[in-house]
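Here's a quick look at how one helix packs and where the nonpolar residues gather. Have the structure open while you read.

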Amino acid sequence: MTPTALVTGASGFLGSHLVKALRRAGHPVVAWMRTPAAAATDPGLRFAPWPAREALAPAIAALDRPLVFHLAAAALRTRGDPVAMFESNIRLTGDLVIACAQAGVRGFVHAGSC
């Protein structure tokens, strides 16, 4: 069976293209979103809200042999809050890496376009 791909930032520029490619390759995809998304018509694509920090590792471990693609980021398009930028882009990424290690993920890719 093909491993499940967990994609953060699935609605962004990179994420939307990656999700399409993963689905074409036959991977089931779970997309973690900050805000609710419309129901997918593709049964291999599932949207889910971001879990709380303490629930990251169990949520990842519940997936079938997960591959994690972390593409979510807060973009500084105008003057933004540096603390919020740190929390989103540094602390959350670190927490996700630790959770992936605890959950025994098969692979982790981190990329961004901002």
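What follows covers a helix first and the nonpolar cores second.

Keep in mind that this is a predicted model. Start with helix H1, residues 13–24: its 12 residues reach 17 Å from the first C-alpha to the last, close to the 16 Å expected at 1.5 Å a residue. Gly 15, Val 19 and Leu 22 are the buried ones to look at here. They sit on the same side of H1 because they cover an arc of only 70° around the axis. That fits the usual geometry: an α-helix has 3.6 residues a turn, so residues three or four places apart point the same way.

Flip to the face of H1 turned away from the buried side and you'll find Phe 13, Lys 20 and Arg 24, which are exposed. The cover over the buried residues of H1 includes four strands:

| Strand | Residues |
|---|---|
| E1 | 5–8 |
| E2 | 29–33 |
| E3 | 45–49 |
| E4 | 67–70 |

After H1 comes Gly 26, with a positive phi near 90°.

Now for the cores. The largest nonpolar core has 17 residues, and Leu 6, Trp 32, Trp 50, Ile 60 and Leu 96 touch the most other members. E2, helix H2 (56–61) and helix H3 (82–103) each supply at least two residues of this core, with H3 giving the largest share, five residues. Leaving out residues up to four places away in sequence, Leu 96 touches Thr 8, Trp 32, Trp 50, Leu 56, Ile 60, Val 68, His 70 and Phe 108. Apart from this core lies another, of 12 residues, including Ala 5, Val 19, Leu 45 and Leu 71. Val 19 is also one of the buried residues of H1.

Definitions and conventions:
Residues are numbered from 1 along each chain as its sequence is written. This is a predicted model: local features need pLDDT of at least 70, side-chain atom pairs count only at pLDDT 80 or more; totals for chains, interfaces and linings use all residues. Side-chain values use heavy atoms; hydrogens and water are left out. The expected span of a helix is 1.5 Å times one less than its number of residues. Buried means under 20% relative accessible area, exposed over 50%, partly exposed in between (1.4 Å probe, protein chains only). The arc is that of the directions from the helix axis to the C-beta atoms. Contact means heavy atoms within 4.5 Å. A nonpolar core is a set of buried Ala, Val, Leu, Ile, Met, Phe, Trp, Tyr and Cys residues joined through side-chain atoms within 4.5 Å.
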